[in-house]
Amino acid sequence: MLAFKNILQKFKEYIILVILSLISLVILLSNNDTENRKISKISSGGFIIINSLSNFFQNLFSGDDELEELRKTNAELMLEVNRLREYRKEIQELREIFNYKNENNYPIIPARIINKTISRVNNYFTLNCGNNDGVGIGMPIINHKGLVGIVEDITDNYCLVRTLQNSTLKLSVKIQRTNLDGILTWNGNDLVVKNIPVQYEVNIGDIIITSDFSTIMPPSIPVGIVKDKEKNISGLFSDLIIQPYANFIEDNYVFIMKIEQDTNTWKYLVE
Amino acid sequence: MSFKHYLPLILFIPLILIQLNIIPLISFSYIAPDLIVILLIYFTLLYGQIYGTVLGFILGFLVDILTGGILGAGMFTKTLTGFITGYFYNENKIHFNTSTLLFVFIIFIISTLDSFIYALITSQLEVSIAFLFFENGLLSGFYTAVFSLPIILLRKNKFIYE
């Protein structure tokens, strides 16, 4: 017994480290448990209220209503312009088919970013809209320039957004001019569309939009432009470096595109 | 439980508010300083390894649930951070450790490890470990170390007591 006590005393730092690390790892591995998510939701919901109070003074004198309305109009126009671009191209390609595509006028909900988690690997932010505003998991987030991210989790009044600059988000996109599809990922530095065969013509400045093949995003939302082209070691493929239109670090106002997503499917696709 | 147990938790609230609201404004190329690591390292250097390990666990848990990140990742990383920082603890050199450039150096080393391990756990990036270490660990560690400079100035002028 004494020997056991001595061992405990001698290695207590390591014992504490092992116990706490094991608890952390168990929680980490059971991250998708409903109970864990509930705890996280309740806690972050409470904290966001405190956080909102801290933002109160920032917005007290800003008189943002009109500006917000203008931003909303701007975002709607941005989507409209892009849709029209798409229509023009379709008309050129398929003259006999008029209004080939279905209308996809999704209503948009204005929202304010109330906090941001910045890192090289995974970036998130929280919005002041939630279940009560009709927000659902998987809804795309845009601003007046283009796509910003996607709703990952919601509480009654707030939602957590996974940005494009997140290693866990893979998005189906295409080059608007050539209809060439690819998968957009975040490599820690840039947004990249990988493994584009070199024989396909891609120009610097080509516009990247969400693809019709995307199961988590509606098509034709502007994402960014091709900034650079890098050949793979094999020489057969190239990676496209994308300059996103939207910069969530600088912006504080975004819009949620109100499209219904099947939560289970979305989670399966994203996780 | 004495005041020393509560103080970092009290300081945590304003720091996490700054971390989530102000730090993004001064982030550079998605590299941001981690104020919570500075808090953890500072108190570990004051009170020792066991204190640091437990504090790391608690602060990591709070960060995970408040920022919407991956639950458990911050807990694990910060627990390790507290434990490793404990090796720099010396009860005869507390003032020296926290009021000289050694403090900034410790912050740099530990914060680099913290960012690197966190990135290793949470990242799905298709990049090498060396890339994660340099891009995510070193740069973030350096930025965090810069932010710890005011602490040594305040400690030197005895604005902050143990």
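**Group meeting: helix packing in chain B and its contact with chain A**

I'll start with a pair of helices in chain B. Helix H2, residues 35-47, packs against helix H4, residues 73-85, at an angle of about 35 degrees, and their axes are 9 Å apart. The crossing of H2(B) past H4(B) is right-handed. On the H2(B) side the contact is made by Val37(B), Leu40(B), Ile41(B), Thr44(B) and Leu45(B). H4(B) answers with Lys78(B), Thr81(B), Gly82(B) and Thr85(B). By class, these contact residues are four nonpolar, four polar and one charged. Before going on, I should say that this is a predicted model.

Let me stay with H2(B). How much of H2(B) is buried? The count is 11 of its 13 residues, so the helix is largely enclosed by the rest of the structure. The buried residues are Leu35(B), Ile36(B), Val37(B), Ile38(B), Leu39(B), Leu40(B), Ile41(B), Tyr42(B), Phe43(B), Thr44(B) and Leu45(B). Leu46(B) is also in helix H2 of chain B. Leu46(B) has 19 C-beta neighbours inside 10 Å, and it therefore counts as partly exposed, since a buried residue needs 20 or more. The C-alpha atom of Leu46(B) is 8.0 Å from that of Thr98(B), and the two residues are 52 apart along the chain.

The length of H2(B) can be checked too. At 1.5 Å a residue, its 13 residues should span 18 Å, and the end C-alpha atoms are 19 Å apart, which agrees. After the helix comes Gly48(B), with a positive phi near 105 degrees.

On the other side of H2(B), in the loop between H1 and H2 of chain B, is Tyr30(B). Its phi is positive, about 65 degrees, although Tyr30(B) is not a glycine. Is Tyr30(B) buried or exposed? It has 21 C-beta neighbours inside 10 Å, so it counts as buried.

Next, helix H6 of chain B, which takes part in two packings I want to show. The first is with H7(B). The axes of H6(B) and H7(B) come within 7 Å and cross at roughly 140 degrees. The two helices are therefore oblique to each other, and their crossing is right-handed. Among the residues that H6(B) brings to this contact are Val104(B), Ile107(B), Phe108(B), Ser111(B) and Phe116(B). From H7(B), the contact residues include Leu132(B), Phe133(B), Asn136(B), Gly137(B) and Phe142(B). The classes in this contact are 12 nonpolar, eight polar and no charged residues.

The second packing is with helix H8 of chain B, residues 149-156. Here the angle is about 150 degrees and the axes are 9 Å apart. That angle makes H6(B) roughly antiparallel to H8(B). H6(B) passes H8(B) in a right-handed crossing. Leu101(B), Phe103(B) and Val104(B) of H6(B) meet Leu149(B), Ile151(B) and Ile152(B) of H8(B). This contact has six nonpolar residues, with no polar and no charged ones.

Now to chain A. Its secondary structure comes to five helices and 12 strands. Of its 271 residues, 34% are buried. Taking contacts in chain A between residues at least 6 apart in sequence, 60% of them join residues at least 24 apart.

One residue of chain A is worth pointing out. Ser220(A) lies in the loop between strand E9, residues 207-210, and strand E10, residues 222-231. Its phi is near 70 degrees, a positive value in a residue other than glycine. Ser220(A) counts as buried because it has 20 C-beta neighbours inside 10 Å.

Last, the place where the chains meet. How many residues of chain B are in contact with chain A? There are 36, and they touch 39 residues of chain A. On the chain B side, the elements that give two or more residues are helices H1 (3-21), H3 (49-67), H4, H6 (101-122) and H7 (129-147). H3(B) supplies the largest share of that side, with eight residues. By class, the chain B side divides into 21 nonpolar, 14 polar and one charged.

To close, two points to take away. H2(B) is largely enclosed, because 11 of its 13 residues are buried. H4, H6 and H7 of chain B, which came up in the packings within that chain, are also among the elements on the side that touches chain A.

Methods:
Residues are numbered from 1 along each chain as its sequence is written. Chains are lettered from A and ligands numbered from 1 in the order in which they are written. This is a predicted model: local features need pLDDT of at least 70, side-chain atom pairs count only at pLDDT 80 or more; totals for chains, interfaces and linings use all residues. Axes are lines fitted to C-alpha atoms, for helices over the stretch in contact, and angles run from 0 to 180 degrees between N-to-C directions. Helices (H or I, at least four residues) and strands (E, at least two) are DSSP runs, numbered from the N terminus. A crossing is left-handed if the near helix is turned anticlockwise from the far one by less than a right angle, and right-handed if clockwise. Two residues are in contact if their C-beta atoms, placed from the backbone, lie within 7 Å. Ala, Val, Leu, Ile, Met, Phe, Trp, Tyr, Cys and Pro count as nonpolar, Asp, Glu, Lys and Arg as charged, and the others, Gly among them, as polar. A residue is buried if 20 or more other C-beta atoms lie within 10 Å of its own, exposed if 12 or fewer, and partly exposed in between; C-beta atoms are placed from the backbone. Angles under 35 degrees count as roughly parallel, over 145 as roughly antiparallel, 65 to 115 as roughly perpendicular and the rest as oblique. The expected span of a helix is 1.5 Å times one less than its number of residues.
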